[in-house]
Amino acid sequence: MSPRQDWRLFLPGPVRDLPADLAAVVAGVALTLVATLTPGLAGTPLRVVVGLPFVLFIPGYALIAALFPERGPPIDADEDQDRIGGIDGIERVALSFGTSIAVVPLLGLVLNFTPWGIRLAPILVVVSGFTLVATAFAASRRSALPEEERLVVPYRRWVAAARDELFNPASRTDAMLNVVLVVSVVLATASVGYAVAVPKDGESFTELYLLTEDGDDELTADNYPEELVRGEPASLVLGVGNQEHRPVNYTVVAVLQRVEVSNNSTTVLESERLRTFTPRLEHNETWHEPHEVRPTMTGERLRLTYLLYEGAPPASPTVDNAYREVHLWVTVREN
């Protein structure tokens, strides 16, 4: 018994009896699920590398294998000869791409009308289930055919032909063309790999906003306090979102200002510092901080302002020197 047969004995019977191309389809589905759902691998380039064939080729190949289980005509077959049953390799590959591009959006459209919606987990389940069912039909239909009519993917012949073409070229011109081809494939693969592994950073920015809590402890951008009482707390929720593509140490200074607006110019007449916050956020991290402010300054149309800085704030925080600012207009009355 050969070593290859030994390790295959550990596989389940249905998998062990699958033709090589259909076993590769099942392996592609399993690898995609592992690369997509495993926490440590979900954010790596492996997810993209296995995800693209999973969406663009594998479902269509399984369906075409179920529809056309027969062996295709040989390469040197007469074009005028009547073709019965199977399709050739080029047609099979082209139909696999086209069918995948047609089937996957249809599955997504069906999901859109279900309670699960178009999300990662439902899409994985539906596309994987469709592919495995089509693979089972393909294996069943292929095994029902006489052995000489079954589709067999000639992997060994392809590998041998490629090895002879690369290492035993017929002429010096063929050898040069082979070198150019190999270099082109390596460069193309390296370019795609670099683009996947080192994606270009998008726009860098930081979000700063204020929220309130409703009666169900849900955060909402509504029902902001308009009238405050001197010395009594008013509840707000401060939000900061880091989209700077790097970790950032932030400082947020809350101040209450008496301002004068004239000719599109705002002059701060008096300022009272209320709170200071110093969150540290990783890229794509959001921070919410419920807090209370207790104003001691009274008056109408005072500006409750939150000034955000990267790092330490200046000695005199103002709207002009802040990286981001958000404010509310409030009235503070005596108790």
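Author: In this predicted model, a helix is a DSSP run of H or I with at least four residues, and a strand is a run of E with at least two. On that basis, residues 48-68 are 90% helix and 0% strand, with end C-alpha atoms 29 Å apart. The protein chain comes to nine helices and 10 strands.

Reader: What does the UniProt record say about residues 48-68?

Author: The unreviewed UniProt entry places the feature "transmembrane region" at residues 48-68, and also at 21-42, 93-114, 120-140 and 175-197. Such annotations may be inferred rather than shown by experiment. In the model, residues 93-114 are 91% helix and 0% strand, and their end C-alpha atoms lie 32 Å apart.

Reader: How do you know whether the span of helix 6 agrees with its number of residues?

Author: The expected span is 1.5 Å times one less than the number of residues. For the 24 residues of helix 6 (residues 89-112) this gives 34 Å, and the end C-alpha atoms are 35 Å apart; the two therefore agree.

Reader: Which residues of helix 6 are buried, and what do the buried residues pack against?

Author: The buried residues of helix 6 are Arg 92, Ser 96, Thr 99, Ser 100, Val 103, Val 104, Leu 107, Gly 108 and Leu 111. They pack against helix 4 (45-56), helix 5 (58-67) and helix 7 (120-144).

Reader: Why is helix 5 called largely enclosed?

Author: Helix 5 has 10 residues and eight of them are buried, so the rest of the structure largely encloses this helix. The buried residues are Ile 58, Pro 59, Gly 60, Tyr 61, Ala 62, Ile 64, Ala 65 and Ala 66. Their cover includes helix 3 (20-37), helix 4, helix 6 and helix 7.

Reader: Why is Gln 243 counted as buried or exposed?

Author: Buried requires under 20% relative accessible area. Gln 243 has 18% and therefore counts as buried. Gln 243 lies in strand 4, and its side chain makes a polar contact of 3.0 Å with the side chain of Asn 284. Leaving out residues up to four places away in sequence, Gln 243 touches Glu 203, Ser 204, Phe 205, His 283 and Asn 284.

Reader: What makes Tyr 155 partly exposed?

Author: Partly exposed covers the range between the limits of under 20% for buried and over 50% for exposed. The relative accessible area of Tyr 155 is 37%, so this residue belongs to that class. Tyr 155 lies in helix 8 (residues 155-167). Beyond its neighbours within four places in sequence, Tyr 155 is in contact with Ala 20 and Asp 21. The C-alpha atoms of Tyr 155 and Asp 21 are separated by 9.3 Å, although these residues are 134 apart along the chain.

Reader: Why do strand 2 and strand 8 stand at the edges of the sheet?

Author: Four strands form an open antiparallel sheet in the order 2-1-4-8. Strand 2 (219-220) and strand 8 (286-293) each have a single partner strand, so one side of each lacks a neighbour in the sheet.

Reader: How do you know that strand 4 and strand 8 pair?

Author: Pairing requires at least two bridges. Strand 4 (residues 234-243) and strand 8 share eight, in the antiparallel sense. Within this pairing, Leu 238 stands opposite Glu 289.

Reader: Which strands pair with strand 5?

Author: Strand 5 pairs in the antiparallel sense with strand 7 (residues 280-281) over two bridges, with strand 9 over eight and with strand 6 over 11. The bridge partner of Asn 249 is Arg 280 in strand 7, Thr 251 stands opposite Tyr 309 in strand 9, and Leu 256 stands opposite Glu 272 in strand 6. The hairpin of strand 5 and strand 6 has two residues between the strands, and in it Asn 263 takes a positive phi near 55°.

Reader: Which residues touch the most other members of the largest nonpolar core?

Author: This core has 26 residues, of which Leu 238, Val 240, Val 252, Leu 256, Leu 304, Tyr 306 and Val 330 touch the most other members. Strand 5 gives the most to this core, with five residues. Apart from it lies another core of 19 residues, including Leu 22, Tyr 61, Ala 62 and Leu 124.

Key
Residues numbered from 1 in each chain as written. Predicted model: local features only at pLDDT ≥ 70, side-chain atom pairs only at ≥ 80, totals over all residues. Heavy atoms only, no water. Buried < 20%, exposed > 50% of the residue type's maximum accessible area, 1.4 Å probe, protein only. Contact = heavy atoms within 4.5 Å. Core = buried A, V, L, I, M, F, W, Y, C linked by side-chain atoms within 4.5 Å. Polar contact = N/O pair within 3.5 Å; in protein donor to acceptor, adjacent residues only side chain to side chain.
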